[in-house]
Amino acid sequence: LGMRILAVVIAILIWIIVVNVSDPIIESTYSGIPVEIINADTITKQNKTYDILNDTDSISVTLSAKRSISDLLGRDNIKATADLANLDMEKGTVRIKLETNKYNDKIESIKAKNDILEVSIENLMRKQFAITSQVNGEPSDGYVIGDTVLDQNVVTVQGPESIVSQIDKAVVEASVAGMSTSISTTSTIRYYDADGNQLDSARLSGNISSVNLKVDVLATKMLGFRFNTTGELDPDYAIAGDITSDIDEVLVAGKSSIVTNTSAIAIPASAIDIEGKRETFSLTIDVTKYLPDTLKLIDEDFDGKITVTVPIEKMQSKEVEVAKSNITISGYDEDTQTVALVGTGINVGIKGLAADIQDMKKNAIKGEIDVASYMEDNNLTELKPGVYNFPVQLTLPDGIQTVRETYTAECRVKNID
């Protein structure tokens with residue numbers, strides 16, 4: 001009997017040795033195992049927020065199990081959790097629980113190099129910020145940046161008090177480098193402190209994270225002015241030359257099609273009243289009042305005001321002879337009658353600016369006699385021979401006026417035998 005018992009014991013020992021040799025217990029180590037945080041609402045319900053310190057939410061795990069079991073397990077089967085309901089508020093730590101999602105009862109051990117999650121707790125802060133835009137880059141030559149329009153202009157941010165309290169502004173950005181047309185884009189909201197440093201927004205959340213924005217890219221052009229006047233000068237005075245301004249032209253911007261088709265900024269007559277004026281005068285005009293809504297001034301050094309000068313001089317008068325050769329006679333039957341001017345011409349009183357009178361050529365004034373119109377105005381059916389004073393229609397050079405409204409010429413009418 002004793003020998004039989006001994007034989008059984010030896011057989012068991014041999015079986016154990018065989019099993020351990022063929023299916024030994026081995027250790028497998030897996031790094032970078034993420035720690036799942038559970039019951040985080042126990043923190044957030046207190047209007048607080050948390051942060052994981054020192055990367056303790058990624059751990060290295062060593063699993064011990066028989067080879068046959070270990071071969072069936074991998075990193076995806078390891079589950080690490082940290083229950084914030086068990087957080088030690090004083091130390092800021094919570095123990096990490098380790099297990100596998102299968103064969104958990106057949107593993108020898110599972111342990112982490114560091115099984116403590118380190119957590120910092122601070123107050124949650126919520127604040128509202130106006131969103132500002134920042135346009136980067138320079139558009140193509142001849143173009144400038146116009147207005148920027150955002151579809152949202154306010155963001156509400158929440159996060160750790162230590163970060164939110166540093167926020168000075170919320171910014172969205174767009175680039176127009178090399179652009180010659182307006183652009184529309186979507187931009188992520190970035191947060192900056194008072195020194196212009198961008199803040200890490202990983203722990204911040206907002207009611208919106210991005211904004212749609214449109215940036216106008218406008219064509220530019222130098223435009224001069226076109227001046228108009230209202231009122232009448234004193235009868236013996238005239239505008240002596242061009243109306244001028246201290247600034248000849250200004251830089252404007254607008255849509256390319258509008259800029260191309262605009263040749264000047266029109267200053268309306270209502271802006272320059274010359275009624276009864278007898279000498280040169282100046283006035284200040286705000287051109288922004290007369291700039292079309294589709295255009296805008298873009299010179300930052302120009303306040304929109306120009307000084308306009310209207311040059312006025314007293315006209316000079318002079319009597320000149322309009323030679324017979326410069327007067328044409330028409331409106332009669334040349335087959336039965338002749339109509340000829342008596343004398344060498346007619347004397348005409350003219351007035352104008354001294355320079356215009358001086359520059360006027362000798363034969364610049366032309367006259368025309370319309371016999372038919374004279375007969376009609378005087379209810380004549382025939383023109384009898386004799387001497388008549390026919391009205392003369394005068395054609396004058398620019399800037400020259402007649403002293404009187406009407407002039408006549410003495411003409412002799414003869415019948416042809």
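In the predicted model, Asn 379 is placed in the loop that runs between α7 (371-377) and β28 (386-391). The residue is exposed, its relative accessible area being 69%. Its phi is near 55°, a positive value although Asn 379 is a residue other than glycine. Most residues other than glycine have a negative phi. A second asparagine with a positive phi is Asn 39, where the angle is about 60° and the residue is again not a glycine. Asn 39 also belongs to a loop, in this case the one between β1 (25-38) and α2 (41-44). With a relative accessible area of 37%, Asn 39 is classed as partly exposed, because the partly exposed class lies between the 20% limit for buried residues and the 50% limit for exposed ones.

The overall architecture was examined next. The protein contains seven helices and 31 strands. Its radius of gyration is 51 Å, well over the 22 Å given by the globule rule for 417 residues, so the protein is more spread out than a compact globule. The C-alpha trace spans about 185 × 50 × 35 Å along the principal axes. Of the contacts in the protein with a separation of 6 or more, 76% are accounted for by residues 24 or more positions apart. Buried residues make up 33% of the 417 residues. The accessible surface amounts to about 25200 Å², and carbon and sulfur atoms hold 45% of that area. The protein carries 39 positive and 62 negative charges, and the mean positions of the two sets are 8 Å apart.

Two buried residues with side-chain contacts to backbone oxygens were then considered. Lys 351 is part of strand β26, which covers residues 345-352. Its relative accessibility is 14%, so Lys 351 counts as buried, the cut-off being under 20%. The Lys 351 side chain reaches the backbone oxygen of Pro 235 at a distance of 3.3 Å. Apart from neighbours within four places in sequence, the residues in contact with Lys 351 include Pro 235 itself and the adjoining Asp 236. Also among them are Met 315, Gln 316 and Ser 317, together with Ile 357. The list further includes the run Gly 399, Ile 400, Gln 401, Thr 402 and Val 403.

Thr 262 sits in the loop that joins α5 (256-260) to β18 (264-267). At a relative accessible area of 17%, Thr 262 is buried. Its side chain reaches the backbone oxygen of Ile 258 at 2.8 Å. When residues up to four places away in sequence are not counted, Thr 262 touches Lys 221, Leu 223 and Leu 295.

Ala 354 lies in helix α6, which comprises residues 354-359. Its relative accessible area is 39%, and Ala 354 is therefore partly exposed. Ala 354 is separated from Ala 194 by 160 residues in sequence, and the C-alpha atoms of the two residues are 69 Å apart in space.

Definitions and conventions. Residues are numbered from 1 along each chain as its sequence is written. This is a predicted model: local features need pLDDT of at least 70, side-chain atom pairs count only at pLDDT 80 or more; totals for chains, interfaces and linings use all residues. Side-chain values use heavy atoms; hydrogens and water are left out. Helices (H or I, at least four residues) and strands (E, at least two) are DSSP runs, numbered from the N terminus. Buried means under 20% relative accessible area, exposed over 50%, partly exposed in between (1.4 Å probe, protein chains only). A polar contact is a pair of N or O atoms within 3.5 Å; within protein, one must be able to donate a hydrogen and the other to accept it, and residues adjacent in sequence count only if both atoms are side-chain atoms. Contact means heavy atoms within 4.5 Å. The radius of gyration is taken over C-alpha atoms; the globule rule is 2.2 Å times the number of residues to the power 0.38. Accessible areas come from the Shrake-Rupley method with a 1.4 Å probe; for residues, only the protein chains shown count as cover. Lys and Arg count as positive and Asp and Glu as negative; His and the chain ends are not counted. The place of a charge is taken as NZ of Lys, CZ of Arg, CG of Asp or CD of Glu.
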